[in-house]
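Reader: Could you take me through one part of this structure at close range, namely the side-chain contacts that hold separate stretches of the chain together? I work at the bench, so a friendly walk from one contact to the next would suit me well.

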Amino acid sequence: MNYTKTNNLIGWCCFAIATLTYILTLEPSGSFWDCGEFIAAAYKLQVVHQPGAPLFLMIQKIFSLLAGGNNHKIAYWMNVGSALSSGATILFLFWTITALARKILVKAGEELTTAKLITIMGSGAVGALAYTFSDSFWFSAVESEVYAMSSLCTAIVFWAILKWDAHADEPYADRWIIFIAYIMGLSIGVHLLNLLAIPAIAIVYYFRRTTAPTSKGTLTALLVGILVLGIIQYGIIQYLVKLAAYFDLFFVNSLGLGFGSGVAVFAILLIAGLVYGIRYSIRKGKAVLNLALLCVVFIFIGYSSFTMIVIRAKAGPTLNNSAPDNAFAFLSYLNREQYGDRPLMYGQYFDSKAIDYEQGANIYRKGKDKYEVAGRKFETVYDRNTLLPRMYSDDPQHVGFYRDWMGMTETQSPTFIDNIGFLFSYQTGFMYARYFLWNFSGRQNDEQGHGNYKDGNWITGIKFLDAWRLGPQDNLPQSIIGNKAYNRFYLLPLFIGILGAIWHFKRNQKDAGVVGLLFFFTGMAIVLYLNQNPLQPRERDYAYAGSFYAFAIWIGLGVAAIAEFIKKKANPTNSAIAATVIGLLIAPVIMAKDGWDDHDRSTKYTPRDFATDYLNSCAPNAILFTYGDNDTYPLWYAQEVEKVRPDVRIVNLSLLGTDWYIRQAKLKINEAEGLPITMSNDQFVQGVRDVIRYSDQYQAGANVELKNLFDFLLSDNDADKVTYQDGSKENFLPAKNIKITIDPNQVIATNTVDASMKDSIASELTFNYNKNYVTKTELAIFDILAHNNWKRPIYFSVTVPSSNYIGLDKYLYNEGFAYRLLPLKPAPADSTSQRDYDINLKPMYNNVMNKFVWGNMKNASYLDPESTRMIGIVIKTFNQLADTLIKAGRNEDAKKVLSKSLEVVPDQNYSLYFTLYRYMEAELLYKVKEPAKADAVVESTSRYIGDELDYLYSVARVKENLTSNDIQLGMSVLNELIRVTNANGRTALSGKLQNQFKSLESKFMALR
């Protein structure tokens, strides 16, 4: 059979299997995290968070057109774009594995036998399909995120360098190198991860162009590859733009020309220089120089996708993150300056003390006619520093984690050895090796792990091995074995991959070393570069998918190793067939079997529907303050794409502290008017009023009217400023006791409060500001509160941390998934009134019972951890509403609410903390005379608690007790279930619970 035709046919079959898998399991709508932002931005070609992904957005825009004008299908078709990118990645992986296997099995001049052909194709199929069903890659393949397309870029360039290697002695072979450079340039417009393949590519080039490679030459080639990586990462992507920005600074500020003139001149000079260099290399016959310059040109052509960012930023779209419409804003955007910096090679310990500050370069911003100095960068000088600072964050939560993880006392200072220990045990072991083993050994569950024995660990499925690490495995609770991400691969994919790596190094050390470099630079090198602090908001396995890609190559080559072993006992053809079948069974088949259920998102609509519920919690023309990714990005998607409540103005508090966001907030978008912000742009521009500090020397006894306080904070009068030791004068916060005087007639006229509640309207809204400083975020909120005059409803999403309420907590009333600011008299602190002032009953009942949609969460084939966390908010909302209705004497309505809860919320507990909501639900069901339903909730909850606590007890007997809080919580809830069943005359059930409690109590008492 013809090798090329067979290679193409089976490769495309792998593509079809992978693509079909991903389309069958992809999310039909928007997903959590960045997906909502990417879909919304791609739909209208807008500007996403730093450092941008313009090529990805433009390609996804093309896929959105397949929706045929149906806005509800736009996300689906963009997700199909990721599925096709992922399927194509599998295609190129197959061809990569077969190319590597053929180099070993078929020497020059040898005949390609049937046995060798089967072995080569079997290797490619097993490796490609193993990666198809790998946990991390599959996760990214079914949602509209950059990682699927980024993986495709990596797959293409690695395949392309092998194509060049195979044809390097032919005329025009170096066109493959130029092609690689072009793909590299394009990939910058998707994600930078693709650049990490450059060192491996450099080694392939060296081995092919050198007749007698040496260790010294190999090391030199590796260093050159790293240098090229650095030149592209810093020289082309960042410093070239920086140089263009300073050209613009000179042309605008010194020559008086318009913004962008310097950039245009710089671009002309750059193009002229490259043209001259290419012509010079041709005239002088300098082939290497010519190739290098052509590669630079094609990198620039690919990188030119970023012009979309500047063009669209100038157009002022709805989503215009960082507003990079000028050279310096674009430079800041590319440098990710919004996210701050972290030490890499040298820096502080977490307990180092700042002893000085060193000023750096000026920070420029675009002014009216020229660039203005917004301030200066500075670096903090610390008393203690170290090489490779891995424990550097002084955040109190991080410090506590460092000490717990490394077994340090509260007074112990870290050392260099501690840093290295944290690097290997946490950053490498827990935040990389754990993810690697999820993919090729097994996964305990999909709960985020922070180091205990029951959440997010890797497993093998082999009881005695897992028991050695994680404690007894004979009494696993439903939170593990009932979790759809309980994936057991029994080390088999890992084994065949290690076998393939050993075989590869024995048969072709050079190629194996190249794959090893790809494995290292897309894995361990990222660990070193990211230098992650602990307690990340989500698992980060997606960042290392390139490393898992490299290992999948070795899984494929494991088939060749098995075939070689079997060949000693059987004929070559049967050996190849047997090895392929064995490889398929112990890698892709077992991975697909256990992985399908926790990657099948085809029936999940929770991100979109919960976003809809956030928006529908708000009255018309509302202002909704949000905070994090998952209470903002899905809402952007719902508004921008599916046109849900375009009248609501979403205000992300994490972004409100930037001048560009406040400027945009003043403008109308969609059907939402601009925010009532009265500040002129120069009053909050970067470098002005970045932080206003509190000074109690001017503290007044009475509450200060917010409008007056706001005017004071904006005052340019030196008498209204505090003087610092260096002679500088700055605005300051003179008081923290604040009031807003209320006009009841205005409140009623704007329908903020119904006229029937006029007597409940407070004469003034008083609060104690809860911070010792005012950033632009709080300054903007003050402005809105002082000048809105109750014309527009103001809400905080229920997921906003209470510290961001700025002290307004007692005036916030729940209307579903958002708290509304209402000027009602709060209940006295010692009140015995039954009124629950946290609930605005009428709109909340209408929202929950008539408006809200529930994302098919009851029947979805799989719910991710973000969805299950939101389900906790859902059931809490039902409980609060029912409780308030009962207190208002509306038991029948409360019964309807609880019935609705039982109808839409899945019949399970997701954590011991979740059982608190179930206990409250049961108590409410007893109150509305639904004892049978209450009993069912009590029994399922007590079973869950018993199941969990029995397991925690078995672990605590042989391991350090890392879950004492969970144990205490479980026992506390069980005790409350005893109380509530006893109080409602459920004697038999209460007795059963008491026996369960006593049994568990005696067990845990014995551990003390």
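Author: What follows is a tour of aromatic pairs, charges over rings, a surface patch and salt bridges. Please keep in mind that this is a predicted model, and that the side-chain values leave out hydrogens and water.

Let us begin with a helix that takes part in one of the contacts. Helix H4 runs over residues 74–105, which makes 32 residues. From its first C-alpha to its last it reaches 47 Å, close to the 46 Å expected at 1.5 Å a residue. Is this helix mostly covered, or mostly open? It is mostly covered, with 26 of its 32 residues buried.

Now to the rings. The structure holds 68 aromatic pairs. In one of them, Trp 12 and Trp 95 meet edge-to-face, with 6.2 Å from centre to centre and 80° between the planes. Trp 12 belongs to helix H1 (residues 3–25) and Trp 95 to helix H4, so this pair ties together parts that are 83 residues apart in sequence. The two partners can be looked at for cover as well. Trp 12 has 44% relative accessibility and therefore counts as partly exposed. Trp 95 has 12%, so this residue counts as buried.

A second aromatic pair is formed by Phe 350 and Tyr 402, and here the rings are stacked: their centres are 5.3 Å apart and the planes make an angle of 20°. Phe 350 sits in the loop between strand S1 (346–348) and strand S2 (354–366), while Tyr 402 is in helix H15 (residues 396–406). The pair thus links distant parts of the chain, 52 residues apart. Phe 350 is buried, because its relative accessible area is 4%. Tyr 402 is buried too, at 0% relative accessibility.

Rings can also gather in greater number. One aromatic cluster is formed by Tyr 432, Tyr 435, Phe 436, Trp 438, Phe 440, Phe 505, Phe 519, Tyr 544, Phe 548, Phe 551 and Trp 554. Trp 438, one of the cluster members, has a charged neighbour: Arg 443 lies over the face of Trp 438, at 3.6 Å from the ring centre. A similar arrangement involves Lys 510, whose charged end sits over the ring of Phe 207, 5.6 Å from its centre.

Next, the surface. Met 345, Tyr 346, Leu 387, Phe 416 and Ile 417 make a nonpolar surface patch of about 590 Å². Phe 416, a member of that patch, lies in helix H16 (residues 416–440). With 37% relative accessibility, Phe 416 counts as partly exposed. Ala 587 offers a contrast in cover: this residue of helix H23 (residues 572–595) is buried, at 0% relative accessibility.

That leaves the salt bridges, of which the structure holds 42. In one, the side chains of Arg 209 and Asp 174 meet at 3.1 Å, N to O. Arg 209 lies in helix H9 (residues 198–209) and Asp 174 in the loop between helix H7 (146–167) and helix H8 (175–188), so the pair ties together parts that are 35 residues apart in sequence. Arg 209 is partly exposed at 37% relative accessibility, and Asp 174 is partly exposed with a relative accessible area of 24%.

Another salt bridge joins Arg 689 and Asp 716, at 3.2 Å from N to O. What parts does this pair tie together? Arg 689 lies in the loop between helix H26 (659–665) and strand S9 (691–694), and Asp 716 in the loop between helix H27 (706–714) and strand S11 (721–723), so the linked parts are 27 residues apart in sequence. The partners are unlike in cover: Arg 689 counts as buried at 8% relative accessibility, whereas Asp 716 is exposed with a relative accessible area of 58%.

Lys 933 and Glu 930 form a salt bridge as well, their closest N and O atoms being 4.0 Å apart. Lys 933 counts as partly exposed at 33% relative accessibility. Glu 930, at 18%, counts as buried, because buried means under 20%. Finally, salt bridges with shared partners join Glu 27, Glu 143, Arg 601, Lys 604 and Asp 864 into one network.

Conventions. Residues numbered from 1 in each chain as written. Predicted model: local features only at pLDDT ≥ 70, side-chain atom pairs only at ≥ 80, totals over all residues. Helix = DSSP H or I, 4+ residues; strand = E, 2+ residues; numbered from the N terminus. Expected span 1.5 Å × (residues − 1). Buried < 20%, exposed > 50% of the residue type's maximum accessible area, 1.4 Å probe, protein only. Phe/Tyr/Trp six-rings, centres within 6.5 Å; stacked < 30°, edge-to-face > 60°. Lys NZ or Arg CZ within 6 Å of the ring centre and 35° of its normal. Patch = residues over 30% accessible without salt bridge, like charges linked within 9 Å, V, L, I, M, F, W, Y side chains within 5 Å. Areas by Shrake-Rupley, 256 points an atom, 1.4 Å probe, with all protein chains shown as cover.
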